[in-house]
Amino acid sequence: MPTAATPAEGLPRDAAMPPLVIDAAGWCSRARRCETPNFGPRPPGAAIELALVHSISLPPGVYGGDAIERLFANRLDWDAHPYYQQIRGLQVSAHFVLRRDGELLQFVACGQRAWHAGKSAWQGREGCNDFSIGIELEGLEGEGFEDAQYDALQALLRALAQRYPLRGVAGHEHVAPGRKLDPGPGFDWGRLVAGLRWHGRYFPEGLAAPR
């Protein structure tokens, strides 16, 4: 489990809000559960070792609405916006989506394999979907993210670390360099690292100083 602070320490939260917990079935206690057919089993014996941070907005730079949910449910109207023609027929998902106001949505149980990373590699291992949790932040590459999203992401990562043997947190850009750019330069890795207070080895090289 990540150190130097235990995953429950150091998180600002409303005292009236119950702690975020991942249950034995892999569902988050404070997430709004959504349905998606886009998932499958993990390989036998695969441990959940990586939290993979993405960004998404549909159409790009437009926030709110239900387009992300519709995409993950294979119900997006491809003719509703010109951009959608570029992704027409795409079947993808993530375990979690964090909206701009910090609302947490869950589409796939953590024990299942979501379809978020594509061709990817982390620490010499290919196929990150097999051993990772996909977390989409509602946002656009190059633009900033909201305070509520950083707070919710920290809480989610701590809860995941309590349940699973996480060994790292990375961005899509780190596991698919040259192919993917998200969450992009607008995401403040230093803020996440400082808020979690986990050892630097849990983050891509250059994003955190060792403790």
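1. Quick note on terms before the tour: helices (at least four residues) and strands (at least two) are DSSP runs, numbered from the N terminus. On that count, this predicted model has four helices and ten strands. Their order from the N terminus is β-β-β-α-β-β-β-β-β-β-α-β-α-α.

2. On the overall picture, 51% of the 211 residues count as buried. Take the contacts between residues at least 6 apart in sequence, and 69% of them join residues at least 24 apart. The accessible surface is about 9,700 Å², with 52% of that belonging to carbon and sulfur atoms.

3. Have a look at H2, residues 147-163. From first C-alpha to last it reaches 25 Å, close to the 24 Å expected. Twelve of its 17 residues are buried, so H2 is largely enclosed by the rest of the structure. Those buried residues pack against strands S3, S4, S5, S9 and S10, plus helix H4.

4. Now the rings: seven aromatic pairs turn up in the whole structure. Phe 72 and Phe 107 meet edge-to-face, 5.0 Å centre to centre with 85° between the planes. This pair links distant parts of the chain, with Phe 72 in helix H1 and Phe 107 in the loop between S5 and S6, 35 residues apart. Both Phe residues, 72 and 107, are buried.

5. Tyr 150, one of the buried residues of H2, also belongs to a cluster: ring pairs link it with Phe 145, Phe 187 and Trp 189.

6. Two arginines sit over rings. The charged end of Arg 33 is 3.7 Å from the ring centre of Trp 27, and Arg 125 lies over the face of Phe 131 at 3.9 Å from the ring centre.

Terms used: Residues are numbered from 1 along each chain as its sequence is written. This is a predicted model: local features need pLDDT of at least 70, side-chain atom pairs count only at pLDDT 80 or more; totals for chains, interfaces and linings use all residues. Side-chain values use heavy atoms; hydrogens and water are left out. The expected span of a helix is 1.5 Å times one less than its number of residues. Buried means under 20% relative accessible area, exposed over 50%, partly exposed in between (1.4 Å probe, protein chains only). Contact means heavy atoms within 4.5 Å. Accessible areas come from the Shrake-Rupley method with a 1.4 Å probe; for residues, only the protein chains shown count as cover. Rings of Phe, Tyr and Trp (its six-membered ring) pair if their centres lie within 6.5 Å; planes under 30 degrees apart count as stacked, over 60 as edge-to-face and the rest as tilted. A charge sits over a ring if NZ of Lys or CZ of Arg is within 6 Å of the ring centre and within 35 degrees of the ring normal.
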